[in-house]
Amino acid sequence: MLATLVLAAIYAMASVVSALLVLLALTLLHRRAAARHQARAEALLEAEPTIFLFEHRDLVDATAPARALLSLLPGPGEEWNRLAAYLGPRIPGFDRIEAEAESAGSVALSGGEDGSLSLVAEHLGERLRLTLVDLKAEGQFVMMDSLSQHAQEEELSALRDMLASLPVPAWRRSGDGTVAWSNSTYLALAASTAGEPDLVWPLPDLFPQDPSGGPGRQSRRQSIRDTSGQEHWYDCQHIPSGDGSLGFAIPADAVVRAERSLRDFIQTLTKTFADLPIGLAIFDRNRQLALFNPALVDLTTLDSEFLIGRPTLFAFLDRLRDVRLLPEPKNYALWRQEMVDLEKAASSGQYQETWTLPSGLTYRITGRPHPEGAVAFLFEDISAEVSLTRRFRAEIELAQSVVDALDDAVAVFAQSGDLIMSNRAYADLWEVDPRPTLGILTIADATGHWQDRCLPTGLWADIRAFVRNHEDRVDWEGAVTLAGGRQLDCTVQPLPRGATLVRFAPHRAERLQVHHSRRGRVGAEPAGPFDA
């Protein structure tokens with residue numbers, strides 16, 4: 001009986017110990033699970049989130065992932081503008097997030113292609129805190145730096161699209177010199193050049209590098225021909241990149257055509273200048289001789305070697321003075337100042353002067369401004385022109401002397417009715433000298449003056465009508481009486497080119513009387529026909 005009680009007590013104690021052991025094991029397992037859960041939570045809390053802290057849109061602080069994201073966002077400007085350009089298209093309502101956060105204290109927005117982006121804005125007095133979360137990261141709400149990866153992928157896609165649609169050929173050459181990549185424009189050009197719509201790798205090298213150009217950056221103009229034989233020009237850029245290079249070819253057909261047209265135009269001008277009898281000297285903005293023609297050598301007798309050496313303007317003028325092709329100055333210092341004034345006047349397009357040289361030649365020098373500060377001087381030999389003008393002037397003076405020697409008063413009117421010539425007897429008769437106003441007085445003015453000094457007559461109207469009449473013109477005569485009673489014979493004669501001569505002479509009887517009196521006074525001074 002006692003043994004039975006002892007065994008029962010032992011079994012009871014064993015059950016209690018077993019229960020205590022099970023309870024202890026469960027407690028240990030619970031504590032381990034709690035410890036693992038706490039460790040996981042602490043690990044989650046230790047993960048650095050993407051947080052931006054702005055104060056009036058100025059970035060005050062940011063976590064490392066946030067700064068990494070900002071560094072990958074393209075475009076200039078402040079951090080807020082670049083972040084807004086990135087988040088604005090992806091998160092609807094981002095443009096109102098400041099006002100909503102200020103009114104509500106905190107606001108949460110979501111966006112992205114499938115709502116995977118979450119943005120929490122918290123208003124902290126003068127500051128705004130933005131927390132950006134990528135819900136697609138491993139483990140929901142685990143804030144990882146996948147945003148930077150997304151930005152990189154989007155930028156890479158944009159760059160690929162840009163290169164693919166670039167309107168100029170672009171390619172990449174590997175280290176062994178083969179074309180490893182190209183854009184669609186390069187492929188289309190290669191197809192049109194090869195005449196095959198489908199190309200196989202490796203691609204043809206349309207713009208080979210110059211092996212003598214070295215490994216650095218190269219820039220050269222190259223041409224290719226299409227299947228029709230037409231030549232196309234490109235300005236190629238070869239830029240070193242890694243162990244290979246990048247290439248870009250800018251179409252230059254329009255530039256080549258313009259350069260050829262300019263070259264042809266310059267050749268035409270050169271030939272024209274070579275045949276021009278006027279000497280041409282063009283000085284650039286530094287006043288060095290940039291262009292001259294053979295006529296300048298002939299007119300100035302300067303050495304071609306001296307002109308080819310591009311002398312300055314003052315050296316050129318000094319050499320002209322040395323060979324006596326400039327008017328000899330009385331004061332050299334004053335002459336130098338005149339040359340400075342010459343250069344200033346030529347640069348403004350106001351210089352023109354005639355140089356009378358000791359050799360008897362006469363040059364006309366003209367200065368004209370040219371674009372970009374250049375100045376052109378024209379040297380023209382006008383000796384023949386000046387000689388002809390002097391000869392004409394001498395003949396005119398001789399004709400005037402002959403007319404002045406006539407006893408009769410003579411006036412010549414042009415076809416237009418203007419007075420173009422008169423003599424001394426005319427001035428004595430009518431007490432007026434119209435020679436200083438030749439070309440200004442008309443037949444109406446002259447007949448009005450005659451009418452005032454004569455008795456009334458209809459002769460003046462007939463003279464006016466005859467001067468203005470250009471058909472059926474014959475000589476005719478008339479008589480007028482001066483206010484003092486003296487009679488004059490008036491003769492009207494047509495002249496070539498529609499001109500008219502009007503001559504006033506003493507009455508025939510008076511002329512005979514004067515003639516007889518002159519014959520009786522041999523050796524006496526002859527009296528004029530209009531002497532009282």
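This tour moves from the whole chain to one set of paired strands, then to two loops and one further strand.

**The whole chain**

Begin with the entire protein chain displayed, bearing in mind that the model is predicted. The secondary structure of the chain comprises 16 helices and 20 strands. Of the 532 residues, 32% are buried. With a surface representation switched on, the accessible surface amounts to about 32500 Å², and carbon and sulfur atoms contribute 56% of that area. A contact map may be drawn at this point: among contacts with a separation of 6 or more, 37% link residues 24 or more positions apart.

**Strand S14 and its two partners**

Next, select residues 362-369, which form strand S14. Six of its eight residues are buried, so the strand is largely enclosed by the rest of the structure.

Add residues 351-356 to the selection; these make up strand S13. S13 and S14 are paired in the antiparallel sense through six bridges. To see one of them, label Glu353 and its bridge partner in S14, Ile365. The two strands form a hairpin, and five residues lie between them. Within that turn, pick Gly360, whose phi is positive at about 100°.

Now extend the selection to residues 375-381, strand S15. S14 and S15 run antiparallel and are joined by seven bridges. Label Tyr363 here and look across to Asp381 in S15, which stands opposite. S14 and S15 also form a hairpin with five residues between them. In this turn the residue to pick is Glu372, with a positive phi of about 60°.

**Thr362 in close view**

Remaining in strand S14, centre the view on Thr362. Is this residue buried or exposed? Thr362 has a relative accessible area of 4%, and it counts as buried because that value is under the 20% limit. To display its surroundings, set aside the neighbours within four places in sequence and show the residues in contact with Thr362. These include Thr354, Trp355 and Thr356; Glu380, Asp381, Ile382, Ser383 and Val386 are also among them.

**Two loop residues with positive phi**

Most residues other than glycine have a negative phi. The next two stops may be read against that background.

Select Thr301, in the loop between helix H8 (294-300) and helix H9 (304-308). Thr301 is not a glycine, yet its phi is positive, at about 55°. With a relative accessible area of 55%, Thr301 is exposed.

Then move to Glu431, located in the loop that lies between helix H13 (424-430) and helix H14 (443-452). Glu431 is likewise a residue other than glycine with a positive phi, in this case near 55°. Its relative accessibility is 58%, and Glu431 counts as exposed.

**Ile239 in strand S9**

For the final stop, select residues 231-241, strand S9, and highlight Ile239 within it. Ile239 counts as partly exposed, at 24% relative accessibility. Which residues does Ile239 contact once its neighbours within four places in sequence are left aside? They are Arg217, Ser245, Leu246 and Phe248. Lastly, define a distance between the C-alpha atoms of Ile239 and Arg172: the separation is 9.5 Å, although the two residues are 67 residues apart along the chain.

How values were computed:
Residues are numbered from 1 along each chain as its sequence is written. This is a predicted model: local features need pLDDT of at least 70, side-chain atom pairs count only at pLDDT 80 or more; totals for chains, interfaces and linings use all residues. Side-chain values use heavy atoms; hydrogens and water are left out. Helices (H or I, at least four residues) and strands (E, at least two) are DSSP runs, numbered from the N terminus. Buried means under 20% relative accessible area, exposed over 50%, partly exposed in between (1.4 Å probe, protein chains only). Contact means heavy atoms within 4.5 Å. Accessible areas come from the Shrake-Rupley method with a 1.4 Å probe; for residues, only the protein chains shown count as cover. Two strands pair if DSSP finds at least two bridges between them.
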